[in-house]
Amino acid sequence: TAPQSKIIYGDANMDGIVSISDAAAIFQFIGNPDKYYLTAEAKNNADCYEPGSGITVNDAVAIQQYDAKIKTCLP
């Protein structure tokens with residue numbers, strides 16, 4: 001099997017940076033998953049609020065709080 005890459009919590013768009021654009025990617029995925037697809041790796045990264053609970057609005061909010069320096073780390 002191929003080695004799993006390291007999870008970068010919050011990096012939903014897979015650009016290596018956790019920013020507000022990751023929260024937007026999660027909102028788009030939640031709103032229309034057929035159009036805004038996330039790879040398995042992106043889903044692992046996106047699930048940053050209570051990892052293992054699935055991708056929810058809470059993940060996007062956590063990223064927004066991290067981007068605004070309200071949170072100091074994810075998860």
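Here are a few short exercises on this chain, each with a worked solution; keep in mind that the model is predicted.

**Exercise 1. Work out which secondary structure elements the chain has and in what order they run.**

Step 1: Count the elements. You should get 3 helices and 0 strands.

Step 2: Walk along from the N terminus. The order reads α-α-α.

Step 3: Now check the overall packing. The radius of gyration is 11 Å, close to the 11 Å that the globule rule gives for 75 residues, so the chain is as compact as a globular protein of that length.

**Exercise 2. Describe the chain's extent, its surface and its contacts in numbers.**

Step 1: Line the C-alpha atoms up along the principal axes. They fill a box of roughly 40 × 25 × 25 Å.

Step 2: Add up the accessible surface. For the chain that's about 4700 Å², and carbon and sulfur atoms own 55% of this area.

Step 3: Ask how much is hidden. Of the 75 residues, 28% are buried.

Step 4: Turn to contacts between residues at least 6 apart in sequence. Of these, 55% join residues at least 24 apart.

**Exercise 3. Find out which residues form a nonpolar patch on the surface, and which elements give two or more residues to it.**

Step 1: Pick out the members. They are F27, I30, V57 and V61, and together they have about 280 Å² of accessible area.

Step 2: Map them onto the elements. Those giving two or more residues to the patch are α1 (20–31) and α3 (57–67).

Step 3: Take one member and look closer. F27 has its place in helix α1. With a relative accessibility of 35%, F27 counts as partly exposed, because that class lies between the 20% limit for buried and the 50% limit for exposed.

**Exercise 4. Decide why C48 and C73 are not bonded, then say whether each is buried, partly exposed or exposed.**

Step 1: Recall what you're looking for. A disulfide is a covalent bond between the sulfur atoms of two cysteines.

Step 2: Search the whole structure. The tally is 0 disulfides. C48 is in none, and its nearest cysteine sulfur is that of C73, 11 Å away.

Step 3: Compare with the cut-off. A disulfide needs the two sulfur atoms within 2.5 Å. The sulfur of C73 has its closest cysteine sulfur in C48, and at 11 Å that's too far for a bond.

Step 4: Check the surroundings. C48, at 2% relative accessibility, counts as buried. C73, at 46%, counts as partly exposed.

Methods:
Residues numbered from 1 in each chain as written. Predicted model: local features only at pLDDT ≥ 70, side-chain atom pairs only at ≥ 80, totals over all residues. Heavy atoms only, no water. Patch = residues over 30% accessible without salt bridge, like charges linked within 9 Å, V, L, I, M, F, W, Y side chains within 5 Å. Areas by Shrake-Rupley, 256 points an atom, 1.4 Å probe, with all protein chains shown as cover. Salt bridge = Lys/Arg side-chain N within 4 Å of Asp/Glu carboxyl O. Helix = DSSP H or I, 4+ residues; strand = E, 2+ residues; numbered from the N terminus. Buried < 20%, exposed > 50% of the residue type's maximum accessible area, 1.4 Å probe, protein only. Rg over C-alpha atoms; globule rule 2.2 N^0.38 Å. Contact = heavy atoms within 4.5 Å.
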